[in-house]
There are 2 protein chains.
Amino acid sequence: MREVSVIGIGQTKVGERWDKSLRELAVESILAAMDDADIERTDALIVGNMLSSRLASQGHLGALLADFAGLRGLEAMTLDAACGSGGAAVRAGYIGVASGLYDLVIVCGVEKMTDQFGCPTTAALALAADGDYEAAQGLSFVAINALLMRRYMYEYDVKHDDFAPFTLNAHRNAVGNPYSMFPRPVTLEEFRQAKKIADPIGLLDSSPIADGSASLVLCPTDMAKSLGRSPLVGIVGSAVATDSLALHDRRELLFFQAAHDSAYEAYRLAGVSPDQIDFFELHDAFTITAALSLEACGFAERGEGVRLAMEGEIRREGRIPICTMGGLKGRGHPVVASGVYQVLEAVEQLRGQAGPNQIGARLGMAQSSGGSGATVFTHILERME
Amino acid sequence: MREVSVIGIGQTKVGERWDKSLRELAVESILAAMDDADIERTDALIVGNMLSSRLASQGHLGALLADFAGLRGLEAMTLDAACGSGGAAVRAGYIGVASGLYDLVIVCGVEKMTDQFGCPTTAALALAADGDYEAAQGLSFVAINALLMRRYMYEYDVKHDDFAPFTLNAHRNAVGNPYSMFPRPVTLEEFRQAKKIADPIGLLDSSPIADGSASLVLCPTDMAKSLGRSPLVGIVGSAVATDSLALHDRRELLFFQAAHDSAYEAYRLAGVSPDQIDFFELHDAFTITAALSLEACGFAERGEGVRLAMEGEIRREGRIPICTMGGLKGRGHPVVASGVYQVLEAVEQLRGQAGPNQIGARLGMAQSSGGSGATVFTHILERME
């Protein structure tokens, strides 16, 4: 297997993008990534998408986007791993380049959630859950996470207020990201006053429905070096693990086993331990998922993820900065695109292009999660001098 | 890249399977394939699925099916290339094994079309087309193919009757396949009398809506040999190409450019020419797509695909037998599963397990098509002595 680097990144501003269609958003980020990589052709386009079949009545995105990006004829595939599909697309691209099959591959995540044709977004998001045993019983995806959060608060004697640092950190970081949906700070008082959407989850515990697209260009590291690309960012660990979709089938409710397994496999492949990771772009779909991700990946003991946040260790100055460009909460969460935005933002940090949010970093980790931790992709990225 | 072989096959009977759910169908074929391969574990599960998000309100099939097949934790991914997703899953499995990433991978195609939750099947199938420029204008997928067929008849002076041999051949072959949906012959008179569903496409030009699942186990050829598996069937060519989704954007309406490009790339990889192919499992979603596939892949000149069928050359005794186990028309077309059934049936032929339908063959080709030839996967399989 060959070493793989990211040589191009492209993104759209996240938000309610009434001005652009699904395909227009995707093409914007694809062309931006090709421009950043300074390439005019590619061997394949790999797309992640979860919702377009439901919300936009459009499947078959691979060929569609290849065509509209001016790449008709190209190998193209589309991956679905629910909210983790962005991570799935990155991994499929990684495999394609590592295997020697492709020299240049574009990975694109795109989601258009504000346009809906006959299907409410909440119903579409429930595709990530077990249809027969959860969704059909009336459990929305927010409700599933509310059950998790309630249990966490009971089990570890944690108050709702204690989750606030996740939201405050995300919004603080979103301010410095020109592509973020909510570039404004949130106060503790605002967090407290936010409407409950599925008690104990309030509006400000929850990442927003959004439109957006992010793309990457991957190529073999040797090729990137011979092209003189610098600073170069390599993918030094790529892993995935799965768990049951339904929470009631899990061995342990409050431990994201698949997040743990995929993170530790990525550590093994990269030859590093959690304390060497300089920042962590995690899947903060809800504040509870941020806490559980920190615990699953070795940054906090069980029940201590919230404490890590309360102690400020997740801030840019902390021990393990998370959501450094705003995360799902502040940058916005165009579901599948988020998994690609995470890797893209890690590349920005490692290249030194994170503007006011820049941290000193050599190793970054991005984790994309489908369902409530049912399919979890972890990528570790390293700046190569 | 390593050489790849198919060492296990498993399938369900195709039909209106009111007795089994989506996940039950998939698990049945997965376990049958593992049993046939005589394995108890695998490195990954790769699933192809197009319609479950629309019809069953269930996405995220990779992790779900891994869990229900007793393989929780496993790497799992799901691919969508519309009706070609079965071929996409085979190709992703092939890449995973060829790259050295996996030693054992299960490829599963599954579709449950008879259960519908609020979305008509015709609307769901339109996901394969261009949503904005075709489906939103009221063009169903059958209507799109009817336009193609009408133009073909006009352009090449062909009558509707002339397409009958495709249907008669498919049904004749379905009789010998215990897994087929319609194991009964069809006469020319029945073909003529069939109701028009989108003129000139009659009911018997069209493959049926169906439930079913097919699975394969892939592994490196060297490993299969060291395990003493015989007769062994290798995948000696795997390729994909894309075209515009919308027919009006094509350079040439009556030529499946992506089918041509993927077939010729597969020929190149396998080091063969079309005349060395002993049989061809093609994508006969409609009689017109069968004719156009034969022309695109070098078995007939333009406008001559129908003539090849009229001359009996597509029958088991003919020059290029097609749909040897019934094809999409006779075996049934559980959309994504069909792409996996095609490869599975090629393996049956090459292993000598095709029962009354057995032909003498060393090289078989399977082609899975998304949309009207917008994403086309071609696999060439060879019996290794």
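**Notebook: domains, helix packing and the two-chain interface**

I looked up the domains first: chain A splits into domain 1 (4-119 + 209-226) and domain 2 (156-207 + 232-384). The bounds come from an automatic or database domain assignment. I note that this is a predicted model, in which local features need pLDDT of at least 70, side-chain atom pairs count only at pLDDT 80 or more, and totals for chains, interfaces and linings use all residues. Residues are numbered from 1 along each chain as its sequence is written, while chains are lettered from A and ligands numbered from 1 in the order in which they are written.

**Between the domains of chain A**

I took the centres over C-alpha atoms; domain 1 and domain 2 of chain A are 22 Å apart by that reckoning. Their contact takes 40 residues from domain 1 and 32 residues from domain 2. Contact requires C-beta atoms, placed from the backbone, within 7 Å. On the domain 1 side, α4(A) gives the most, with eight residues. Helices (H or I, at least four residues) and strands (E, at least two) are DSSP runs, numbered from the N terminus. I sorted the domain 1 side into 21 nonpolar, 14 polar and five charged residues. Here Ala, Val, Leu, Ile, Met, Phe, Trp, Tyr, Cys and Pro count as nonpolar, Asp, Glu, Lys and Arg as charged, and the others, Gly among them, as polar.

**α4 in chain B**

I checked how α4 (residues 85-98) of chain B packs on α14 (residues 335-351) of chain B: the angle is about 55 degrees, and the axes are 5 Å apart. Axes are lines fitted to C-alpha atoms, for helices over the stretch in contact, and angles run from 0 to 180 degrees between N-to-C directions. That makes α4(B) oblique to α14(B). Under 35 degrees counts as roughly parallel, over 145 as roughly antiparallel, 65 to 115 as roughly perpendicular, the rest as oblique. The α4(B) side of this contact includes B:G86 and B:A89, and the α14(B) side includes B:G339 and B:V343. I found six nonpolar, five polar and no charged residues in this contact.

**Chain B against chain A**

A rotation of 180 degrees, with 0.0 Å of shift along its axis, superposes chain B on chain A (RMSD 0.0 Å). The fit is by least squares on the C-alpha atoms of residues with pLDDT of at least 70 in both. The two copies are thus related as by a two-fold rotation axis.

In the interface, 49 residues of chain B touch 49 residues of chain A. β3(B) gives the most to the chain B side, with six residues. Three bridges join β3 (residues 75-80) of chain A to β3(B), and the strands run antiparallel. Pairing needs at least two DSSP bridges. A:D80 has B:T78 as its bridge partner in β3(B).

How values were computed: Two residues are in contact if their C-beta atoms, placed from the backbone, lie within 7 Å.
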